[in-house]
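Visitor: I would like a close look at a single part of this model, namely the surroundings of a bound ligand. Please take me through it carefully, and add whatever helps to place it beside the rest.

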Amino acid sequence: MSQKEHGKKQVKKAVCGICASGCPMDVYVEDGKIISVEGSKDRPGQSGGLCAKGAAARQYIYNQERLLYPMKQVGEKGHGKFVRISWEEAYQTIAEKLLSVRERYGARSTIFYAGYPKWYRPALLRLANAYGSPNYCTESSTCFQASNMAWKSIYGNDICFPDLANANTVMLWASNLYHSNTPMSKSYRGMKARGVKIIVVDPRNTVTAREADIHLRLLPGTDGALALGMAQVMIEEDLYDHEFVEKYVHGFEEYRAYVKQFTPEYTEKITGVPAEKILEAARLYATNGPAGIMFSAATVVHHINGVQNYRAVHTLVGLSGNYDRKGGHLARPPVSAPVNEFGKVKRYDGEEAIGQKDFPAWFALPCEEAQCTRLAEYILKEEPYPLKALVAFGMNHRMWPKPSYLQEALKKLEFYVNVDLFLSDSSDMADIVLPAATFFEREEIRTMRGGMVGLSEAAVCPCGEAKNDIEIIQELARRMGLSEPVLSGTYEEYMNYILKPTGLSVEELRGHQGGVKAKHLVFGTERSYEREGFATPTGKAEFVSTVLEKYKDAYGYDGLPVYRDFREVSEVDRTVYPWILNTGSRKPQYFHARVNRLPWLAALEPATLVEMHPSDMESLQIQEGDRVIVTSPGGSMEGIAAAVRNNLPGMVHIYHGNKKGEANELIPLTYLDPISGFPGYKSYFCNEMLRYCFHCEQTNLSIQNGQFSYSFLLLQKGGLARRTR
Ligand SMILES: Nc1nc2c(c(=O)[nH]1)N[C@H]1C(S)=C(S)[C@@H](COP(=O)(O)OP(=O)(O)OC[C@H]3O[C@@H](n4cnc5c(=O)[nH]c(N)nc54)[C@H](O)[C@@H]3O)O[C@H]1N2
Ligand SMILES: Nc1nc2c(c(=O)[nH]1)N[C@H]1C(S)=C(S)[C@@H](COP(=O)(O)OP(=O)(O)OC[C@H]3O[C@@H](n4cnc5c(=O)[nH]c(N)nc54)[C@H](O)[C@@H]3O)O[C@H]1N2
Ligand code: SF4
Ligand SMILES: [Mo]
């Protein structure tokens with residue numbers, strides 16, 4: 001923004017970047033400061049409105065925890081004593097340290113990591129490649145990639161989302177879109193108005209589920225059994241697409257034989273969904289097509305049988321004849337803008353990456369990043385080799401199982417730099433922290449539907465000395481003397497490189513709030529497999545995966561989407577831990593650990609809520625508002641009990657990412673899906689909750705590093721521990 005614009009009132013057209021939904025946002029700016037925000041109404045298809053997080057976005061940019069300057073840690077790591085340094089010193093130190101680590105231990109000992117934000121990932125991957133490390137990894141080690149793996153193991157391509165605009169039946173399989181994708185609630189309303197039949201698969205009676213025609217209220221983690229049960233009905237009642245199955249499916253006979261046992265009655269026993277509802281849903285899905293399944297990026301794979309559960313769900317798409325069909329799941333959108341970078345940069349794989357020995361199918365399917373869920377152990381145990389440096393863009397240790405253990409591991413690193421918007425406790429062990437610019441303070445290319453491309457405007461100049469992540473990445477590449485032509489210019493040149501295949505330039509996008517149609521477009525047509533086959537080893541849709549089968553002997557993976565029940569596999573003593581623990585179901589006002597620091601949003605919940613069905617609370621004699629300690633075989637955490645009638649009885653829900661009480665301390669390091677490495681966040685176990693008084697802060701109850709300990713409990717009026725163990 002130029003100096004001239006100071007002193008003026010302006011409305012800037014941004015795109016909210018707090019979550020990936022990308023709502024168009026009008027930003028009111030006065031004297032170079034944002035004074036308010038609201039949802040844009042004047043862009044095509046937009047009726048305005050922001051969710052709670054978007055509405056609080058002023059507190060995101062002007063936050064007291066905002067990082068404004070590069071800083072270095074002085075004194076012992078973990079004490080959080082940072083002093084301001086110049087960018088020059090920061091770049092110089094980082095470049096020297098990283099080159100020295102490479103010299104002494106090899107490039108692979110440096111890890112390049114990206115948190116949830118997606119927009120700078122290709123540039124960071126280029127930096128890792130140019131440096132020579134195979135260890136580029138992201139938050140996708142717990143999000144999306146396992147869902148994608150499951151799909152890819154069958155159809156060979158990246159996951160195909162449903163064509164909602166043309167579907168007659170939509171199955172929302174673990175998707176509470178009112179909370180997790182607020183703008184989509186408008187298309188949900190539109191589908192309802194069009195008479196689209198809706199099936200929701202969700203243990204909770206959510207606002208989305210309540211509006212469905214059929215609600216399949218399953219026990220968490222039993223999705224695989226439910227999908228196999230639906231397949232059994234479709235095959236038994238001859239409601240499947242014979243032509244697709246005969247010509248294009250590999251392993252159908254084996255699959256048919258396997259699903260035979262999943263009769264509605266047997267499936268009811270596993271999932272808790274009444275047999276008649278399974279029949280009703282399977283018949284509706286199979287006969288009222290075209291039909292699409294709205295997938296979740298994470299929920300179905302946050303289980304220890306996650307990939308196989310999702311494979312079972314994904315087979316329904318081919319079985320019902322909805323693969324690459326209008327109104328089903330199109331393999332390519334009818335029209336799109338071709339851009340460089342996203343999904344196009346390959347990871348350097350000349351050396352073994354972290355996670356490769358543990359989760360070989362992740363790499364074989366393939367995925368262009370390393371698997372880092374076990375990062376803490378890899379660092380502490382020097383597996384598969386010593387790891388010495390971490391270059392993180394958005395490290396949030398709270399997103400992983402046992403965050404306190406990851407903190408210990410980060411402390412062990414020789415050098416750790418974290419680039420973030422905020423100075424969070426995830427930087428406690430960092431040597432250097434760098435201030436990143438928010439979406440308000442930078443431009444960003446955004447692809448849109450129908451082959452349109454847009455530019456999110458910078459509304460204001462960066463606060464303090466914050467910089468856009470890609471500029472930081474470009475400068476680091478230069479300082480280390482790495483040869484990477486795509487990163488070598490300015491940020492605008494990089495954006496023009498992204499745009500190149502579209503025939504557009506950044507300059508042409510400026511000032512066009514609704515976006516500009518790409519000059520070159522890519523067109524998709526249905527039934528691509530009839531012409532091209534499938535990109536799998538057999539060239540067919542693999543209901544029996546030949547890639548997974550390869551690992552049968554060494555890793556125990558099955559080619560079939562075999563259902564394994566977490567209650568049996570986990571071997572947890574249910575007499576000690578009777579409650580099923582489900583963590584992280586999205587809340588409209590929170591976004592992982594990111595927006596808890598916004599005062600308007602923080603005020604909505606005084607502490608981490610431990611949500612239970614009122615009948616369970618009654619049996620435990622817990623009152624709403626009681627302070628409770630939850631323990632699992634993995635650890636303990638503290639929260640406040642809340643009665644939630646929409647919960648399935650027998651289940652405890654807790655949202656993660658809150659330092660007032662961290663649910664992830666309950667999840668053990670080893671509770672992972674053996675195929676993807678995704679943690680079983682959504683089907684674990686916990687025990688009765690110990691209740692204690694708000695007033696007795698001086699009791700011997702304490703939680704340290706997620707472990708609950710007490711030698712005796714102080715009994716006080718109105719607050720006594722109900723149970724000691
Ligand atoms: N407000 C907000 N929105 C977000 C996020 C956020 O943190 N806050 N995070 C974003 C991210 S990173 C992701 S990955 C997406 C996730 O998006 P979603 O998957 O839609 O979000 P969730 O609320 O986690 O899960 C959806 C529903 O699945 C149900 N569920 C829980 N366990 C199971 C199960 O085992 N099986 C089935 N079938 N259903 C189950 C929950 O009750 C919930 O209602 O949300 C994104 N959107
Ligand atoms: N128990 C439990 N744990 C979970 C989940 C669950 O359901 N249950 N969900 C998992 C899933 S699906 C996901 S996606 C992860 C998400 O976990 P994370 O990726 O950790 O998500 P965030 O906390 O939103 O973001 C990470 C960091 O990026 C910073 N950041 C935001 N924008 C920018 C930017 O533009 N530049 C830079 N440099 N930094 C930025 C934020 O301030 C934050 O510190 O959590 C996972 N953990
Ligand atoms: S849903 Fe909310 S946080 Fe996400 S982009 Fe839209 S306004 Fe922003
Ligand atoms: Mo996610």
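Guide: In this predicted model, the shell around ligand 2 is made up of 16 nonpolar, ten polar and seven charged residues. Altogether 33 residues surround the ligand, and the closest are Tyr 116, Asp 420, Asp 469, Asn 664 and Lys 682. Two of these closest residues, Asp 420 and Lys 682, also appear in the polar contacts that can be described atom by atom. For Asp 420, an N or O atom of the side chain is 2.7 Å from an oxygen atom of ligand 2, and for Lys 682 a polar side-chain atom lies 2.7 Å from an oxygen atom of the ligand. Thr 583 faces another kind of ligand atom, for a polar atom of its side chain lies 2.9 Å from a nitrogen atom of ligand 2. As for the cover that the protein provides, ligand 2 has 910 Å² of accessible area on its own, and the protein covers 98% of that area.

Ligand 1 can be read in the same manner. There are 34 residues around ligand 1, of which Ser 180, Asp 202, Asp 223, Ser 296 and Tyr 590 come nearest, and the residues of this shell divide into 14 nonpolar, 13 polar and seven charged. The side chain of Asp 202 has an N or O atom 2.6 Å from an oxygen atom of ligand 1, whereas Asp 223 places a polar side-chain atom 2.6 Å from a nitrogen atom of the ligand. A nitrogen atom of ligand 1 also has a polar side-chain atom of Asn 582 at 3.1 Å. Of the 900 Å² of accessible area that ligand 1 has on its own, the protein covers 96%.

Apart from the ligands, one sheet may be worth following on the display. Strands β17, β18 and β19 form an open sheet in that order, with antiparallel pairing. Because β17 (444–447) and β19 (516–517) stand at the edges with a single partner strand each, one side of each is left without a neighbour in the sheet. Between β17 and β18 (residues 452–456), which run antiparallel, there are four bridges, and one bridge pairs Arg 446 with Gly 454 in β18. Helix α19 (residues 491–499) lies across β17 and β18, and the helix runs at about 15 degrees to β17.

Definitions and conventions: Residues are numbered from 1 along each chain as its sequence is written. Chains are lettered from A and ligands numbered from 1 in the order in which they are written. This is a predicted model: local features need pLDDT of at least 70, side-chain atom pairs count only at pLDDT 80 or more; totals for chains, interfaces and linings use all residues. Side-chain values use heavy atoms; hydrogens and water are left out. A residue is near a molecule or strand if one of its heavy atoms lies within 4 Å of it. A polar contact is a pair of N or O atoms within 3.5 Å; within protein, one must be able to donate a hydrogen and the other to accept it, and residues adjacent in sequence count only if both atoms are side-chain atoms. Accessible areas come from the Shrake-Rupley method with a 1.4 Å probe; for residues, only the protein chains shown count as cover. Ala, Val, Leu, Ile, Met, Phe, Trp, Tyr, Cys and Pro count as nonpolar, Asp, Glu, Lys and Arg as charged, and the others, Gly among them, as polar. Two strands pair if DSSP finds at least two bridges between them. Helices (H or I, at least four residues) and strands (E, at least two) are DSSP runs, numbered from the N terminus. Contact means heavy atoms within 4.5 Å. Axes are lines fitted to C-alpha atoms, for helices over the stretch in contact, and angles run from 0 to 180 degrees between N-to-C directions.
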